[in-house]
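User: Hi! Could you walk me through this structure? I have some questions to throw at you.
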Amino acid sequence: MYKGYSQAMDTAASQSTTVTGLAHAHDYPFLGQGSPPLEVAAAEGCYMITPTGRRILDAAGGAIVSNIGHGRREVGEAYARAAAQTAYIVPPFATPARAELVHRMRTRWLPGDINRVLFASGGSEAMDLGVRFARQHHLSAGRPERWRVFGRELSYHGATMATLAVGGHMGRRAGFEPWLVDEQTDQPRPPAHYCMRCPLGKTFPGCDIACADEVERVFEEIGPEEIAAFVVEPIVGSNAGALVPPGDYLERVARICKRHDILLIADEVMTGYGRTGRKFGVDHWDVVPDILVGGKGLTGGYAPLVAICAREEVTAPIAEAGDSVMFFTYGAHSPACAAASEVLRILEDEELVERAATVGAMLGERLRETFADHPHVAEVRGRGLLYGIEIVQDRETLEPFPADLSLVNAVVAAGLSMDVFFYPGGNDPARDVVCLGPPFILGDEEIEKIVTVLPKAIDSAIARKAPAPSLLGPPER
């Protein structure tokens with residue numbers, strides 16, 4: 001186990017983890033059908049603990065959330081102090097916890113000249129606000145014709161109606177099209193930078209990163225004068241499984257947006273706060289977006305909080321017009337802000353972002369060695385401690401397994417039977433992708449367990465050859 005975590009636990013007021021049964025777990029499932037939920041009574045470090053005392057390695061960090069590990073009592077204590085001081089204060093008012101968090105982010109975390117911060121309580125909610133914010137920027141600046149906000153194919157930016165319209169996850173949009181903006185439902189989208197299955201039929205580096213040129217082609221086809229903002233995940237998350245952009249793709253997209261006066265929104269809900277081995281995913285490239293939405297790792301799972309951040313020139317027209325940005329009721333919740341400040345302090349003091357880079361490189365090397373000759377693993381990809389392992393029926397042709405097999409769900413179930421939790425990802429054509437996003441305190445023992453159990457789980461799922469139900473359902477944001 002990572003030494004810093006052990007030392008923190010040694011100095012905690014209590015080091016015992018109370019494990020109790022879940023007497024009413026059968027009441028919990030909303031739909032009340034299918035397999036009973038996994039019962040988790042406690043968690044510490046990199047592990048979830050069941051009522052029977054089973055220790056399950058959380059190789060997914062929950063939903064790619066946990067970064068400092070479970071059980072850091074100082075975070076809970078910071079939350080409790082703030083709750084006792086200012087439990088609920090309407091979001092526009094300043095509280096000590098809110099002011100401290102914004103100051104810490106502005107001075108130590110945010111890239112470039114991004115210096116304005118607003119908070120929501122979940123990723124979908126925050127992206128929804130970011131979309132509205134982009135539109136409001138243009139309205140306040142006297143450009144009402146700029147209303148379109150959209151992303152790429154193989155993109156996921158949330159589950160609200162607005163974010164479903166923005167994203168390119170056809171599976172999650174299905175059935176909701178009547179409620180989505182008609183003009184956006186069928187509009188063209190640039191392809192994702194999915195080099196393994198290049199939608200343009202090219203090969204990197206000889207492709208000259210043609211997928212970036214496609215962004216401008218789509219802009220021109222739609223009419224850039226109608227576009228308010230373009231949304232990208234710097235590294236595509238669980239939707240396609242840690243797709244890292246090739247070469248200077250992101251810089252070129254940023255320049256294209258700048259040339260057409262289109263705001264660039266970086267969706268860092270999953271990649272922010274050290275997950276990829278840098279403070280933010282965009283920090284791997286020379287890119288400062290106009291709007292950055294970062295969540296999950298902001299509180300490491302200890303409280304619901306997501307930040308919507310922007311450059312001064314984006315907020316200025318709104319302020320000058322005397323307009324305001326509407327808040328959500330639980331945005332900037334003071335106890336959550338206090339928890340976030342403590343999580344960021346731990347990340348800084350224990351140099352866990354740097355650790356995510358070095359330990360992530362070790363994990364990536366072991367994964368590539370493990371699956372170098374596996375007949376059903378097409379690719380291991382990722383950066384820092386965000387990895388995707390894509391599973392296919394035929395490694396040579398990249399033919400996927402039948403969709404009705406739900407292979408990735410079977411892999412997750414098999415992993416849990418061997419006391420490791422992997423995260424199910426993927427979306428056609430990246431149909432079955434196992435995602436890894438463990439806490440940054442991951443040690444040699446945990447890496448060894450991951451690379452030992454994952455190939456067994458994949459082989460077991462393939463041998464099973466039977467449809468597998470999802471243990472999670474669609475991931476929430």
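Analyst: Happy to help; what follows is a chat about a predicted model.

User: Great. How many helices and strands are in the chain?
Analyst: The chain has 15 helices and 14 strands.

User: And what share of the residues is buried?
Analyst: Of the 477 residues in the chain, 56% are buried. As for contacts between residues at least 6 apart in sequence, 74% join residues at least 24 apart.

User: Let's look at helices. What can you tell me about H5?
Analyst: Helix H5 covers residues 123-140, which is 18 residues. From first C-alpha to last it reaches 25 Å, close to the 26 Å expected at 1.5 Å a residue.

User: Is H5 mostly covered or mostly open?
Analyst: Mostly covered, with 14 of its 18 residues buried. After H5 comes glycine 142, which has a positive phi near 85°.

User: Now H9. How does its span agree with what it should be?
Analyst: Helix H9 runs over residues 210-222, and its 13 residues should span 18 Å at 1.5 Å a residue. Its end C-alpha atoms lie 19 Å apart, which agrees.

User: Which residues of H9 are buried?
Analyst: They are Ala210, Cys211, Ala212, Glu214, Val215, Val218, Phe219 and Ile222.

User: What do those pack against?
Analyst: The buried residues of H9 pack against strand E5 (148-150), strand E6 (227-232) and helix H10 (249-259). Just after H9, glycine 223 has a positive phi of about 110°.

User: Cys211 caught my eye. Which cavity has Cys211 in its lining?
Analyst: That's the second largest cavity, which is lined by 15 residues. Cys211 is among those nearest its centre, along with Cys195, Cys198, Leu200 and Cys207. The volume of this cavity is about 90 Å³. By class, its lining has 12 nonpolar, 2 polar and 1 charged residues.

User: How many cavities of 30 Å³ or more are there?
Analyst: The count comes to 3.

User: Switching to pockets: how much space is in the second largest one?
Analyst: About 700 Å³. It has 28 lining residues, and Arg116, Val117, Leu118, Phe119 and Val325 lie nearest its centre.

User: Which elements give two or more residues to that lining?
Analyst: Two helices, H4 (96-108) and H11 (312-320), and two strands, E4 (114-120) and E9 (306-311). By class, the lining of the second largest pocket has 19 nonpolar, 4 polar and 5 charged residues.

User: On to sheets. What is the strand order in the sheet with E1?
Analyst: The order is E1-E2-E3-E12, so to speak a row of 4 strands that form an open sheet with mixed pairing.

User: Why do E1 and E12 each have a side without a neighbour?
Analyst: Strand E1 (42-44) and strand E12 (420-421) stand at the edges of the sheet and each has a single partner strand, so one side of each is left without a neighbour there. For E1, strand E2 (residues 47-49) pairs with it in the antiparallel sense over 3 bridges. Glutamate 44 stands opposite tyrosine 47 in E2.

User: What holds paired strands together in general?
Analyst: Strands of a sheet pair through backbone hydrogen bonds, in either the parallel or the antiparallel sense.

User: Last one: is E13 enclosed or open?
Analyst: Strand E13 (residues 423-427) has 4 of its 5 residues buried, so the rest of the structure largely encloses it. E13 forms a hairpin with E14, with 2 residues between them. E13 and strand E14 (residues 430-436) pair in the antiparallel sense over 4 bridges, and proline 424 stands opposite valine 434 in E14.

How values were computed:
Residues are numbered from 1 along each chain as its sequence is written. This is a predicted model: local features need pLDDT of at least 70, side-chain atom pairs count only at pLDDT 80 or more; totals for chains, interfaces and linings use all residues. Side-chain values use heavy atoms; hydrogens and water are left out. The expected span of a helix is 1.5 Å times one less than its number of residues. Buried means under 20% relative accessible area, exposed over 50%, partly exposed in between (1.4 Å probe, protein chains only). Contact means heavy atoms within 4.5 Å. On a 1 Å grid over the protein atoms alone, a cavity is a set of points where a 1.4 Å probe fits but cannot get out, and a pocket is an open set with protein on both sides within 12 Å along at least five of seven lines; lining residues have an atom within 4 Å of a point. Grid points are joined across faces, edges and corners, and a volume is the space filled by probe spheres set on the points. Ala, Val, Leu, Ile, Met, Phe, Trp, Tyr, Cys and Pro count as nonpolar, Asp, Glu, Lys and Arg as charged, and the others, Gly among them, as polar. Two strands pair if DSSP finds at least two bridges between them.
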